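Thanks for coming, everyone. I'll take you through one chain this morning, starting with the overall picture and then going region by region.

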Amino acid sequence: MVEMAGDMNLCVLVRLLVIQTLIGTSLEIIESNVIQVWSAPGGTTRLPCDLAAPARDVAMMLWFKDGDRMPIYTVDFRNGPPVHWAVAGEFGARSHFVLNESDPSSAHLAVEKVARYDEGIYRCRIDYVDSPTRNYKVNLTVIVPPESPRIYDSDGQEITGSLAGPFREGMNLLLSCQAAGGRPPPDVSWYRGQERLAITKGGSVCQLHLQRLSREFAGTILQCRVEPPLLKAQYRDITIKLFLKPQFARVTGNGATRAGHERSFVCTTRGSKPAPNIDWFINSRRIDSALTEVDVEGEVTRSVLTWRVRREDKGRQLECRVSNPWFPATTLEDSVTLDVFYAPVAQISLISPKELNLLREDEDATLMCSSEASPPANNFTFYKGLEDHLIHDDPVGGISVEGNKLILRGLRRHHSERYRCRARNSEGSGLSEPLTLNVLSRPECSAGGVVQQLAGAPGGEVRARCSVTAPSTRDAGPLRFYWTYNSTKDVLPIPASNITVMGSSSTVVHGLPNSDEEDLGWLACWASNDVGNQREPCLFRIMPAAYPEPPSNCEIEDDLLRCDPGHDGGLPQRFILEALEVRHHEPQPSELDGDAMSDQGISGRGLTEAVYRASNDVIPQFPLDALSPGRYTFLVYSETPRGRSQRPAALHSIPIRTSDDLDRPGSLQTMTPGPPPQSSPGDNSVALLIGAALALVLLTILTTLCVALVVMCKKKGRPRRDPEESTILRRSVGVSMYGGSSLSQSVMPTVVVRGHRGSRVLAARWSGVLDDTPLAVLALDTRPHADEVSSHSELDQRETELASNVGDMETQTDP
């Protein structure tokens, strides 16, 4: 019995040891009369069955699996010590019943090397000796280890490496750790070091939520732990990659700088991951990055800008902007205000009145010279005109310079000028752009204060033109004119019907009274505009007109007579031509005595009445193609309302389309009569006689040769001209003669002979008028025409003789 008791105690100890071992490898859960038992694969588990009574009260204990009717394990207590019986096979070899006599409630069926196929619902039936049978159900579940933990970010992307991110500072972090396939579900948790951040019990997923990641999480290691029951825990570590914002930005290098000099500015920042972008701006305009240098040292980043400071940079903000591209909404800025020294930039402006078009006479104007300068300008000067003349204080002239202001008092027209100003400081000086003042003034005479003179005749008309200077009609309104006639007795307004206005000029036509007074009066012109009336009128003094001077420098070329007009005496003039035909004439003794002289000093011997008369209101120019062939004396004079010129310009004995006009083309012969030499009357007579004799001999020889040549030409069959064709038409008009007795010694008349094919043109150019020279030397024979050759020869001879007798002029022929 003692041995049996010892064996029983030993068995109890063994069973206790086995139970303790089973407790470490299995888990029992009682739910709804079903005992849940978890067991790790390959371990030892126990299937509890509470006897609820001493072993002596138990008859049998039977174990069934699932719905099998055949027990898989039996313990028989009826005949002494319990007898164990297990189903044959592998399960029976791995199972045995454990009973603690002192604790019947701990009785259980131990199963070793649990496998997946051991799972199932086991039923323990206890048959008592005197009590009803009891049944227990045990659900044995073999634990399935989960897969290795997997970590996912908030976008569902798996983090495969040891680095998670990058994430941004300040953002919310969501990480998920999953342990799929475990049974029962393991405990999943997140740890930061020994600090547990999140846990999920009995689940396969644990999410970690971190609000607004701070800088401390940069480089932090987070650990995901998967702890299945009865199994070894699994671990997964990841390192947080966190992008950080820059912590500050600071610019250094401010201070005053001269324009045109270079200066370095440094922008410093730290704490940014990755290294930040540093941009420079001036006045909100980006500066080229080529002007900067960037240096990165750990968490500190520096950007150095080398900038050539300009005048325009004065007062501008030089700004440094630090940004991390991972934080587009976050930018750090710092700036400095540039202080630049430079010479003044001057500007002149009108401050009173406010508008340039409001400047009017008699008012005041104020100009101000403003400047942009650093340091501020402290000296100002003003200039006037295109030559920039310096303006000084002139109290009498109403000019005052007060600091940077120029005051003009009592504006006048002469104040309409170009003005400039100059400002100075320690860096230099600057001249402003010009400002032109346009003073709206009353009209003024264009000629200034000079009195203009007009020529007029009593009873005639005078025409005056008054021109004024005034601002444009757009600025000062239209011009209005009125005229007055100031005589010695009164002042009379001139009717508007006699006044013509065109722009800034006015023309008046006024009839003068018939008066013997030498003072013909004055014309006064007044103009006005919106500014006011003209202060001083434009005056025109009417002077008695003089007689016109005769034309001069007359010449004939290609049947056209031209002259230069003489002075008109102050009145409009026209020109009149009279042509007198030259006839052959045998002088009578009485004529040689000079009795036939006209009252004007022009001999009428050999001259007919005027056979041709023409006028020209513009220039002294007349065509001669209407004249018949012959010799003519041409008289040209001018005529005005005052009268005719006292003496004409005369061309004497000019052949028109005669047979002598046969000179070779291009020939030119000039005859210039010189003034008579000063000598005694006796010597003069002898000289004249000798000269006349020599001239007569030369003329006879030349005439004979010419007659012979002409006769020979006519004998060759040249038809004789009808005498009627050579007849000069005579008009019943009086001959105009002008008095005169002598030729001024200062006059040097010149006769120009130009030859061309088929004709010869003779022209007499007179440099002055004939004064008192008797024209007897030009008086020709008035007998009927004879043969042309002989007539011309005799006419030339008589002209030479008369010229020699009178002695008033001498003709020299140049070769």
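**Overview**

The chain has 6 helices and 56 strands. Keep in mind that this is a predicted model. The chain runs to 815 residues, and 42% of them count as buried. Now the contacts. Take those with a separation of 6 or more: residues 24 or more positions apart account for 68% of them. The accessible surface is about 43100 Å². Carbon and sulfur atoms own 51% of that surface.

**The cores**

Start inside. Which residues have the most contacts inside the largest nonpolar core? They are Leu47, Met61, Trp63, Phe77, Phe97, Tyr122 and Ile126, in a core of 29 residues. Several strands give two or more residues to this core: β2 (34–39), β4 (58–65), β5 (73–76), β8 (108–111), β9 (120–128) and β10 (134–142). Another core lies apart from this one. That second core has 23 residues, among them Cys177, Phe217, Cys224 and Val226.

Back to isoleucine 126 for a moment. Set aside its neighbours within four places in sequence. Isoleucine 126 then contacts Cys49, Asp50 and Leu51, as well as Val58, Met60 and Met61. Its contacts also include Pro132, Thr133, Arg134 and Tyr136.

**Two sets of strands**

Now strand pairing. Look at β14, residues 187–192. β14 has β17, residues 221–227, as an antiparallel partner, with 5 bridges between them. Within that pairing, tyrosine 191 is opposite glutamine 223 of β17. β14 also runs antiparallel to β15, residues 195–200, again through 5 bridges. There, arginine 192 has glutamate 195 of β15 as its bridge partner. The hairpin of β14 and β15 has 2 residues between the strands. Glycine 193 in this hairpin has a positive phi, near 65°.

Move along to β30, residues 379–384. This strand is joined to β34, residues 418–425, by 6 bridges, and the two are antiparallel. Tyrosine 383 is bridged to arginine 420 of β34. β30 also pairs with β31, residues 389–390, in the antiparallel sense over 2 bridges. Here lysine 384 faces histidine 389 of β31. What sits between the strands in the hairpin of β30 and β31? There are 4 residues, and glycine 385 in this hairpin takes a positive phi near 85°.

**Salt bridges**

Next, charges. The count comes to 31 salt bridges. I'll pick out three.

The first pair is glutamate 312 and arginine 311, at 3.4 Å from N to O. Glutamate 312 has 39% relative accessibility, so it counts as partly exposed. Arginine 311 is at 27%, so it is partly exposed too.

The second pair is arginine 535 and glutamate 361, whose side chains meet at 3.1 Å, N to O. Arginine 535 lies in the loop between β44 (522–528) and β45 (538–544), and glutamate 361 in the loop between β28 (339–352) and β29 (365–374), so this salt bridge ties together parts 174 residues apart in sequence. Glutamate 361 is buried, with a relative accessible area of 5%. Arginine 535 is at 34% and counts as partly exposed. These two also belong to a network. Salt bridges link Glu361, Asp362, Arg412, Arg442 and Arg535.

The third pair is glutamate 578 and arginine 613, at 2.7 Å from N to O. Glutamate 578 is in strand β48 (residues 574–582) and arginine 613 in strand β49 (residues 607–616), so the pair ties together parts 35 residues apart in sequence. Is glutamate 578 buried or exposed? Buried: its relative accessible area is 0%. Arginine 613, at 37% relative accessibility, counts as partly exposed.

**A nonpolar patch outside**

Last stop, the surface. Val697, Ile701, Leu702 and Leu705 make up a nonpolar patch there. Together they have about 380 Å² of accessible area. Leucine 705 sits in helix α5, residues 681–715. Why does leucine 705 count as exposed? Because its relative accessibility is 52%, and the cut-off for exposed is over 50%.

That's the tour. Happy to go back to any region.

Definitions and conventions
Residues numbered from 1 in each chain as written. Predicted model: local features only at pLDDT ≥ 70, side-chain atom pairs only at ≥ 80, totals over all residues. Heavy atoms only, no water. Patch = residues over 30% accessible without salt bridge, like charges linked within 9 Å, V, L, I, M, F, W, Y side chains within 5 Å. Areas by Shrake-Rupley, 256 points an atom, 1.4 Å probe, with all protein chains shown as cover. Salt bridge = Lys/Arg side-chain N within 4 Å of Asp/Glu carboxyl O. Buried < 20%, exposed > 50% of the residue type's maximum accessible area, 1.4 Å probe, protein only. Core = buried A, V, L, I, M, F, W, Y, C linked by side-chain atoms within 4.5 Å. Contact = heavy atoms within 4.5 Å. Pairing = 2+ DSSP bridges.
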